[in-house]
Amino acid sequence: MSSRSKIGCPCNSGTLGHNYYNFIYQPTHNHKGDIDGIQVFAYEVTAQVVARLRIEASEQQQRVLNEELAAANEELQAANEEIRSNNDALFSAQLALRRLNQELESRVQHRTRELQAAQAEAERQRARLERLFMQAPGAICILNGPELVYELVNPAYQRFFPGRRLLGLPISEAIPELTQQSVWQILQRVYQTGEPYEGNEWLIRAARTDDGPMEDIYFNFVYQARHGADGTIDGIMTFAYEVTEQVVARNQIDEANRELSTTNQQLTRINQDLDNFVYTASHDLKQPVNNMAGIFEELKRTATFHDPDAPLLLGMFESALTQIHNTVGGLAEIVQVERYHGQLSTDTVQLLPLTQAIIQSMHHQVAASGAVFTLEFDEVPTLDFAQLSLQSILYNLLSNALKYAHPDRPPLIRVATERTPEGMPILVVQDNGLGMDLARYGADLFQMFRRFHDHVHGTGVGLYLVNRLVEQAGGRIVVESTVGEGTTFRVYLAGK
């Protein structure tokens, strides 16, 4: 019988060890054939068994390791696949991120350029606005913050206070006297409420220089609240211009007008008193003059004069009496014109029949002088005017044309109408008489009792009356005259 067994046996060290043997147990027989013992054949195989066991253990371990390795490989393969998938996703994400980065970078660059352009444009606008503010003829300033600090002051505003520092200072330091005046409360209210305020001819008392005297200064101004980016009020813009000269001039004019009004009232009373005196005097003198004329006529008829100078004296007395009579009549007529000014009604006057009637009323003078009249009213045949006033104007102008005729030729008198380019009617009376030196006498032409030819009897009130009537009707007279050739009167009338 053969077998392999593990047997513990002592080693050289005296300790039990594990040894492996291959052995054979063979019975022995005696002569009788009976088994009388056991024959043992053995050899040690410990090294082989240990080696095999090690191999088996190694193989087992190898199998376990292989299984673990296979599992690890499977996990690794799954991880690799997941990694590959993640890598693909990561690559895609990286590509997308790169594209996004590029797009963002492009956007940032574009936005940066836009922002830079906007900033540059804003700076240009700010600089342009500042130039406009600084070059504006009107006074402009910007007050910053609740303390109202002068943030911007243009030259026009600085000229209000040429000797004072304003920029960078609050009003309370730059012009402290303003804080005691109502304009300070207005500034505070504008800053608190945001409601603009406009002041016209506003009086402030301030010194233009630090050591200068206090002055009354008048301004027209606008206070406008300034709002910051968040919408809150952060300052006040002021637009102003000084009107001190205008206000002072107007006050002076008002004072002068009040004085003039007082003077006019006094003159009106004086004129009324004078008119009453002239009217009374002319009225009271008219009868005595008429009585003197009657007595003188009776004296000439009944008295006998032996003095050879009597006819000359009588002629001189008659001339003086006539002069007195005409003067009294002229004064009465002047008073009548002043008294009835504005009371005469306006009529549509036919010029041709009116002029013919006036010429007919002077037929003795016309016949004696051989005067020839030319009447031209086609341009303006009628005038809207007070008929009595127009009659007086024409009568005096035609009477003067006959009275001051040239002695060497018969009078040629033209009466006509014209129109200005604006349609204003003009009454023209032109003669070829003696004429006048307008350079010498023009300023006195329409003065009362002024005469320029002494050889003709007259009172010197005719042209005065004509001018008064024309001026009262809103018109004017233009005169052209040449000595020795004649005179032309152009009467510009407000009628149609």
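This is a short talk on strands, salt bridges and buried spots in one structure.

Okay, hi everyone. Before anything else, keep in mind that this is a predicted model.

Let's start with the strands. β7, residues 214-227, and β8 pair in the antiparallel sense, with nine bridges between them. On its other pairing, β8, residues 233-242, runs antiparallel to β4, residues 139-144, and six bridges join those two. If you want a register check, look at Ile 140, whose bridge partner in β8 is Phe 239. For the β7 pairing, find Arg 226, which sits opposite Gly 235 in β8. The β7–β8 hairpin has five residues between the strands, and Gly 231 there has a positive phi near 90 degrees.

Hang on to Arg 226, though. What does its side chain meet? It forms a salt bridge with Glu 151, at 3.3 Å, N to O. Glu 151 is in strand β5, residues 149-153, and Arg 226 is in β7, so this pair ties together parts that are 75 residues apart in sequence. Arg 226 counts as buried at 17% relative accessibility, while Glu 151 is partly exposed at 41%. And Asp 234 joins in: Glu 151, Arg 226 and Asp 234 are linked in a network of salt bridges.

The count of salt bridges comes to 15, so I'll just pick a couple more. Arg 164 and Glu 177 meet at 2.6 Å, N to O. Arg 164 is in the loop between α2 and α3, and Glu 177 in the loop between α3 and α4, so that one ties together parts 13 residues apart in sequence. Are those two buried or exposed? Both are buried.

Now compare Arg 107 and Glu 103, with a salt bridge at 2.5 Å, N to O. They're four residues apart in helix α1, residues 46-135, so about one helical turn separates them. Arg 107 is exposed at 51%, and Glu 103 is partly exposed at 37%.

Last stop, the buried helical bits. Thr 355 is in α7, residues 351-361, and its relative accessible area is 0%. Where does its side chain find a polar partner? A polar atom of that side chain lies 2.8 Å from the backbone oxygen of Leu 351. Beyond its sequence neighbours within four places, Thr 355 contacts Leu 375, Phe 377, Leu 394, Leu 398 and Val 415.

Then there's α11, residues 462-472: eight of its eleven residues are buried, so the rest of the structure largely encloses it. Among the buried ones are Tyr 464 and Asn 467. Just after α11, Gly 474 takes a positive phi of about 85 degrees.

That's me, thanks.

Methods:
Residues numbered from 1 in each chain as written. Predicted model: local features only at pLDDT ≥ 70, side-chain atom pairs only at ≥ 80, totals over all residues. Heavy atoms only, no water. Buried < 20%, exposed > 50% of the residue type's maximum accessible area, 1.4 Å probe, protein only. Polar contact = N/O pair within 3.5 Å; in protein donor to acceptor, adjacent residues only side chain to side chain. Contact = heavy atoms within 4.5 Å. Pairing = 2+ DSSP bridges. Salt bridge = Lys/Arg side-chain N within 4 Å of Asp/Glu carboxyl O.
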